Amino acid sequence: MIVKVIGLGKMGMGIAENLLRNGHTVRGFDTAKETRLELEKRGGAYYESLQSLLTDEQQLVWIMLPAGKITNETIQKTAEYLNPGSIVIDAGNSHYTDSVYNTKFLAKKGIHFLDVGTSGGVNGAKYGACMMIGGEASIFKKIETLFKDICVESGYLYCGKAGSGHYLKMVHNGIEYGMMQSIGEGFNLLTHSPYEYNLANVAQVFNHGSVIRSWLMELTENVYRSEIDFDKISGVVPSSGEGKWTVEEALRLKVSLPVITQSLMTRYASEDCDKIGEKVVALLRNQFGGHAFIEGE
């Protein structure tokens with residue numbers, strides 16, 4: 001298939017490489033012109049603009065951009081150059097409601113849309129991803145071989161109507177937040193324990209036959225094998241937005257998600273350098289009980 005890839009960052013370039021390795025033709029565009037050499041080195045063709053990229057009668061367009069305004073504006077701009085019958089895939093981390101809107105917007109022009117949640121990181125994009133696909137079943141069936149080629153075995157799922165792919169990826173990321181938080185807390189306790197564990201070996205044994213074996217545990221082993229100086233790491237953990245969306249959806253539906261919610265709050269706390277809340281608590285203890293507080297710089 002000829003696939004027009006818009007967005008040649010780490011994930012987009014990984015998808016392009018994956019497509020090329022599996023015999024597909026890739027034509028790409030990115031506002032960062034330096035991506036041209038990278039794409040051409042892998043065997044793809046780079047185009048200087050959306051207009052020059054999108055010239056065929058019916059086209060398959062793969063968009064891999066940050067969620068929100070840039071993706072939505074790119075979809076609207078792309079639609080100006082597409083003929084009815086073309087297919088647009090948004091494989092970034094868009095909010096599912098944006099995907100529902102974009103489906104309706106493109107349908108008015110006779111253009112089909114699939115929302116695709118993508119997991120597996122940069123390595124997965126290159127060598128075999130996990131994908132969750134929403135949109136018209138007939139369109140999914142039409143290009144299913146594409147997903148079969150670039151995903152790991154049993155690594156793609158048609159989820160249902162518009163938005164269902166990105167909804168599932170949203171929940172996936174919420175689960176991911178909770179899993180990483182529990183691993184971090186467990187290894188924090190081991191670090192402060194009265195025993196001198198080799199934490200790389202701990203992660204390794206956890207990942208061989210134990211109930212908690214996982215890719216995240218494999219990555220935990222990698223962290224400790226790398227001998228990173230933890231004293232030089234700030235401990236700030238940014239949140240990409242999907243954990244927040246997951247919690248917001250839980251509130252909307254009145255579904256209890258205590259672990260995922262707490263993992264999101266912990267990320268927010270890690271970014272709070274002022275720690276006003278903690279300072280207020282320390283001063284309140286001093287006010288009612290005379291408890292000492294620790295002065296900082």
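What is the handedness of the crossing of α12 and α13? In this predicted model, the crossing of these two helices is left-handed. Helix α12 spans residues 242-253 and helix α13 spans residues 258-271; their axes come within 10 Å and cross at roughly 135°. Since angles that are neither under 35 degrees, nor over 145, nor from 65 to 115 count as oblique, α12 is therefore oblique to α13. On the side of α12, the contact involves Gly243, Lys244, Thr246 and Val247, which meet Ile260, Thr261, Leu264 and Tyr268 of α13. Sorted by class, the contact of α12 with α13 holds four nonpolar residues, three polar residues and one charged residue.

A second helix pair has another geometry. Helix α4 (residues 69-79) packs with helix α5 (residues 96-107) at an angle of about 10°, and the two axes lie 11 Å apart. Because angles under 35 degrees count as roughly parallel, α4 is described as roughly parallel to α5. From α4, the residues Asn72, Ile75, Gln76 and Ala79 take part, and they meet Asp98, Tyr101, Asn102, Phe105 and Leu106 in α5. The residues of this contact comprise five nonpolar, three polar and one charged.

The discussion now turns to the interior. The largest nonpolar core contains 46 residues, and Trp62, Ile89, Met131 and Phe147 are those with the most contacts inside it. Helix α1 (residues 10-21) supplies the largest share of this core, namely five residues. The surroundings of Trp62 can be followed residue by residue: with neighbours within four places in sequence left aside, Trp62 is in contact with Val3, Lys4, Val5, Ile6, Ile15, Ile89, Ala91, Met131, Leu146, Phe147 and Ile150. Ile89, Met131 and Phe147, named above for their contacts inside the core, are thus also among the partners of Trp62. Another core, of eight residues, lies apart from the largest one and includes Ile183, Phe187, Leu190 and Ala203.

A further position to examine is Leu54, which is placed in the loop between α3 (50-53) and β4 (60-63). Is this loop residue buried or exposed? Leu54 has 5% relative accessibility and so counts as buried, the cut-off for that class being under 20%. Not counting residues up to four places away in sequence, Leu54 touches Lys4, Gln59, Val61, Thr78, Tyr81 and Leu82. Lys4 is also listed among the contacts of Trp62. By contrast, the C-alpha atom of Leu54 is separated by 33 Å from that of His172, a residue 118 positions away along the chain.

Methods:
Residues are numbered from 1 along each chain as its sequence is written. This is a predicted model: local features need pLDDT of at least 70, side-chain atom pairs count only at pLDDT 80 or more; totals for chains, interfaces and linings use all residues. Side-chain values use heavy atoms; hydrogens and water are left out. Axes are lines fitted to C-alpha atoms, for helices over the stretch in contact, and angles run from 0 to 180 degrees between N-to-C directions. Helices (H or I, at least four residues) and strands (E, at least two) are DSSP runs, numbered from the N terminus. Contact means heavy atoms within 4.5 Å. Ala, Val, Leu, Ile, Met, Phe, Trp, Tyr, Cys and Pro count as nonpolar, Asp, Glu, Lys and Arg as charged, and the others, Gly among them, as polar. A nonpolar core is a set of buried Ala, Val, Leu, Ile, Met, Phe, Trp, Tyr and Cys residues joined through side-chain atoms within 4.5 Å. Buried means under 20% relative accessible area, exposed over 50%, partly exposed in between (1.4 Å probe, protein chains only). A crossing is left-handed if the near helix is turned anticlockwise from the far one by less than a right angle, and right-handed if clockwise.
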